[in-house]
Each structure stands twice: as C-alpha cells, then as structure tokens.
Amino acid sequence: MSEAAETGVPGDLARHPRTPESDTPVLEVDDLVVEHRDGGTGALFRAVDQVSLRIGAGESVAVVGESGSGKTTLAMAATGLGPRGRGDIRLLGHSLAAVSRTQLRRLRPEVQVVFQDPHGSLDPRQSVRSGLRELRALQPERTSWIDDADLLGRVRLAPDLLDRYPHQLSGGQAQRVCIARALLMRPRLIVADEPTSGLDVSVQADVLALLRQIRATTGAALLMISHDLAVVRSLCDVVHVMYRGRVVEAGPCDRVFGTPENDYTRELLAAMPGARWRSRR
Amino acid sequence: MSMSQLELDPVTAPVSPPRRAGRRARTSVFWLALPLAVTAVAVFVLPLTGLLPDGGQDLDATRRPPAFLSGGSWAHPLGTDKLGQDLLTQFVSAGRLTIVIGLVGALVAIGPGTLLGLLAGYFRGWVDRVISILIDAQLALPFILVALAIIANRGSSLPVLFLVLALTGWAVCARVTRAATMAIRERQFVVGLRAAGASEPRIVFRHILPNLAGTIVALGTLQVGTAILVESALSFLGLGVVPPMNSWGSMLASGQDELSQAWWIAFFPGLAITVLVLLVNLLGDALLTHHDPRKRRR
C-alpha cells in the first residue's frame, strides 16, 4: 500500500511547514492601470483602472465583480504573470518593475495560481506524476518536503491517480491536482481565479473546504477572484468590488456585505441567492 | 458548513483507463505502415538480390506488354519501354528515389516551417509580424514560378529539388503551426508553468511542441504526399529529376507520349504514386489518433 495510508489521516496538513511569519505584505498594488489594445480597431480599452490592493501575510482577500470587470487581468498583472500595465506592484517587497528576469523567475514560485478550468491548467500530454516530477525538477529545494503520494493524500486524492492523464480525471479531481501542484511549491500567496466555477455544487464545497484548510495550516495568503459572493464570504476577510476596471468599494467582508455603500455592490448583493438567504436569517 | 462535515474519503475515480481503443489505433497504424514498409524494403533490397532483369536496352523487345497480358513474358514482368528497357527495374529504382524525395522533401519543409510557426505563435509581437509577412509573401508566389526561377538559375539536381520543396512547403507548415501554438499558449497550464518558474524555452519545447505533435505528424505525412506529387509534377514538366536518375514522376512523364501504344509505361508509376500518397495520408490520420491521448479514449 502507499505511503499516504501509512502517514495517517489523508488530508492532514499538520506537517506542512508553515510559511515564516513576516510583516512584509505579500502583495502591494498601487494605482495599477492595465490597458488592452483592441485587435481590430486599435482602440485602447482600460481593463484595470487605478486599482490599489494590499494583501498582508496570511491574509485572505477577494476581488469580486461581474464577468469582464477586470478581476483576472488585475490578478495576472499583480502577480507578474500577465501584461503588467502601469503602476507600482510589489511582490514580497520587491517592485516588479525593478526586478530582473532571473529575480522574477525566483519570485514566481511564491505565488501559485489555481484556475477556473482545471483541465486547461494541466498539460494534456503529462500524467499527474510526470507533471509533479517537472515541478520538482524546476524547484528542487522548495518541493522536497513531501512525496507525491503524500501530497495527493493532502488534497484527498488516492495515489493511484498519479498515473492518470488530465482527460482521465473528473473536474473535481483535476482541480484537486491543481491545488496539490500549488501546494507543492509552498507559496506565500495562492491566487484562486474562480476555482469553483467549473465544478458542480457538491464538489465546489469540497474544493472550498480544501482551500480554507490549506490556508489555515500553511499560513499562505489567498487572493480569491470570484463573482460568487457566497464563496467569498465563506473564505475571505477583505473584499474588493470591481466594476468596469475600477474598485468601487473595498473593506472587510462583514462590513461590505452587511452595509454596502456603493449602488453597484448593493445590486450585486441583491442578485446573489446567498444575500437573500442572509436577509431571511 | 463545518470542517468535520467535509471529511471525505480519498477519491478514487470510476474512470477506466482506455485500453481497447488504444489497441485499435495501434492496429490500424500497423496495417497501414506494413505495405509502406514492404514497399520501402522492396525498392531498397530488390536491386541487391540480382533477381531483377538487367535494365539495358534491347531494341528487339521494345514496348513489350506486362507478363499478364497477351504478348508479354516473365522476362519483363511489367513490360518494356520504347528502347526495350525493363520497366520493373526502372520502377524499382524510380520508387527508391521517389520515397527518398518524399521523406526528405517533407523534412526540409516541416523543420523550418514548424520552428518559424512556433516562434511566431509563441512570442507574437515583431517576431510574429516578420514571420507572418514572410509566410504571406511565400504563399502569394505561384509555386511553378518559384520552381522555374530556381531551376533555371541553378539547374536540375536533387539539392535544388529539395530547396524547391522546402520553399514551397514551409509556409503552409508555419501557418498551421503558428495558429496551433497561439491556441496552446493561451491555455492556463502555460501560465501555471511560468508561475512554477519554467523558462520560455522549456515551455516552448517541452510543453507546446509535444502538444503540437499531432499537428506536426499530420502535416508531415501530408507533406510527404505533397512532396511526391510536386516532384511528379516537376518531372512531368521536365524540371524534376533528370536522366540517368528517374522517379515515378519522370517515368509517368516519359510514358505520356506512348499512352496510345503502350499505356503500361505510364500506368504503373501513376498507380504507384496514387496508392503511396493515399497510404501515407491514411497513416498520418492513424498516427494522429494514436498520438493524441484524448482521441485514444474513444
């Protein structure tokens, strides 16, 4: 039998080395502007407009808004994985504009992303095992803390899935593999971009519970991108509401959801089944 | 919902590994590759055995029909041409050259075409603009014009023929590869790899290129067919291989004047080209299925 069975309760994250406590914010974004040029007309479109954001160590921050409001563009720019735009971005205290390519590559593993489409996040030609092997080859020191079977156990997957290809995994399994891959890197910030949108409801709850558990045990900060306010409320401390590229309201979840100040936030809340559930209570 | 409610057993999926379909794909690859392999071995090995009639002229036996027609004899199984040369001997040596031209012609087009398409599709920006202009310019030039210009300048020889095949084939390969690369680079796993600290060359050559394997195999086999057809067309026009070398295309060309008196001179090379190109294209299809893990499932 595998090691996962010998190490006790699957999903036990207690042995995960905690991220060293530090006062440096994981991510600071000041006045970020990201513009896309329309391929056809050549017109500039402002996807992210004067956005500022701060994520402290271990903090859980959400960005909510409708599709096309610039949430993902913001997250990709802020983590140096997409078009960077203008404005100051500091990742773990390093300004992205000032770091060299080599430094950026060294910084990147500190931020791991879990995407909406779990199948699109895995190379279709790589089995789970060879994907993990590649991550280990890329970051040997970071990833030596756990073996493959144990790692899968922590996201509650059986080790026999190691030899599967992505198309042989269900959506929920693939998303757990994605979370395991992120976990392996011991990041200080996990960006979850609509991590539950492509999954059915019963699996959504599991994935959210897993994210919550990982956050609690590893001390990693979380940047949650979502249009689902119920998901955000269950997982995050601070929320930023985005509308057409701008942050229209920001604050602690309880305050923003309890006494929204902005009209758009109120509309968004009214449109959510979770909000009705809350008001009935 | 509390954490305790969410304690779950490890998930073991009821997705069964796709075994049978994979075997089927392998079988069809085998049955398509077999006649191609037999042909290749035959044209390369037969001349070494000494079983073939000698290919010299025999003016007493011109335009003899194949052995299975009245008037034919087993001394010349496929008959003779207007100089009394044995057609089977010619057919075998021409087949050898045709296969070499098909394979090398495909490689010289696929190699640069794939590389340029990959670079254009992945890096975009000015790299893409320059390569796209080159592709458009190449595709705008009529192939016969390019071939004529080069052959008129350099003369007819095998290296020149390969140059023509490379120049006429790379643009299509580059365009297809570029489009496929652009689709793959937008996939989230590429972002994930970047987040894991993977270098650009690793992403391009270890992840995007293998994901293009199906496309490249399909392009490659199509290109083998195209190279054989292009060579045949050039030889037909007298621009391809020149005597003493001959290919199935040049045999077809030399047989065209004789069609009314000795149809078999052109018939067998023509049939061989058709069957070879068809088999190669079907093999490409089968390989495509075999190499794509997603298609193997079905």
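Colleague: Which residues does B:Leu88 touch, not counting residues up to four places away in sequence?

Modeller: This is a predicted model, in which local features need pLDDT (the predictor's confidence in each residue, from 0 to 100) of at least 70 and side-chain atom pairs count only at pLDDT 80 or more, whereas totals for chains, interfaces and linings use all residues. Residues are numbered from 1 along each chain as its sequence is written, with chains lettered from A and ligands numbered from 1 in the order in which they are written. Taking two residues to be in contact if their C-beta atoms, placed from the backbone, lie within 7 Å, B:Leu88 touches B:Leu52, B:Pro53, B:His76, B:Pro77 and B:Leu78.

Colleague: Is B:Leu88 buried or exposed?

Modeller: A residue is buried if 20 or more other C-beta atoms lie within 10 Å of its own, exposed if 12 or fewer, and partly exposed in between, with C-beta atoms placed from the backbone. Because B:Leu88 has 20 other C-beta atoms within 10 Å, B:Leu88 is buried.

Colleague: What separates the C-alpha atoms of B:Leu88 and B:Pro53?

Modeller: B:Leu88 is found in helix H2 (residues 87–123) of chain B, helices (H or I, at least four residues) and strands (E, at least two) being DSSP runs numbered from the N terminus. B:Pro53 is 35 residues from B:Leu88 along the chain, yet the separation of their C-alpha atoms is 7.9 Å.

Colleague: Where in chain B is confidence lowest among the helices and strands, and what is the mean there?

Modeller: Chain B averages a pLDDT of 81, and 88% of its residues score at least 70. Confidence is highest in helix H3 (residues 125–140) of chain B, at 93, and lowest in helix H11 (residues 293–296) of chain B, at a mean of 60.

Colleague: Which are the edge strands of the open six-stranded sheet in chain A?

Modeller: The strand order is S6-S7-S8-S3-S9-S10 (chain A), with mixed pairing, where two strands pair if DSSP finds at least two bridges between them. Each edge strand pairs on one side only, and these are strand S6 (111–114) and strand S10 (246–252) of chain A.

Colleague: Which residue in S10(A) stands opposite A:Val239?

Modeller: Strand S9 (residues 238–243) of chain A and S10(A) pair in the antiparallel sense over six bridges. In S10(A), the residue opposite A:Val239 is A:Gly251.
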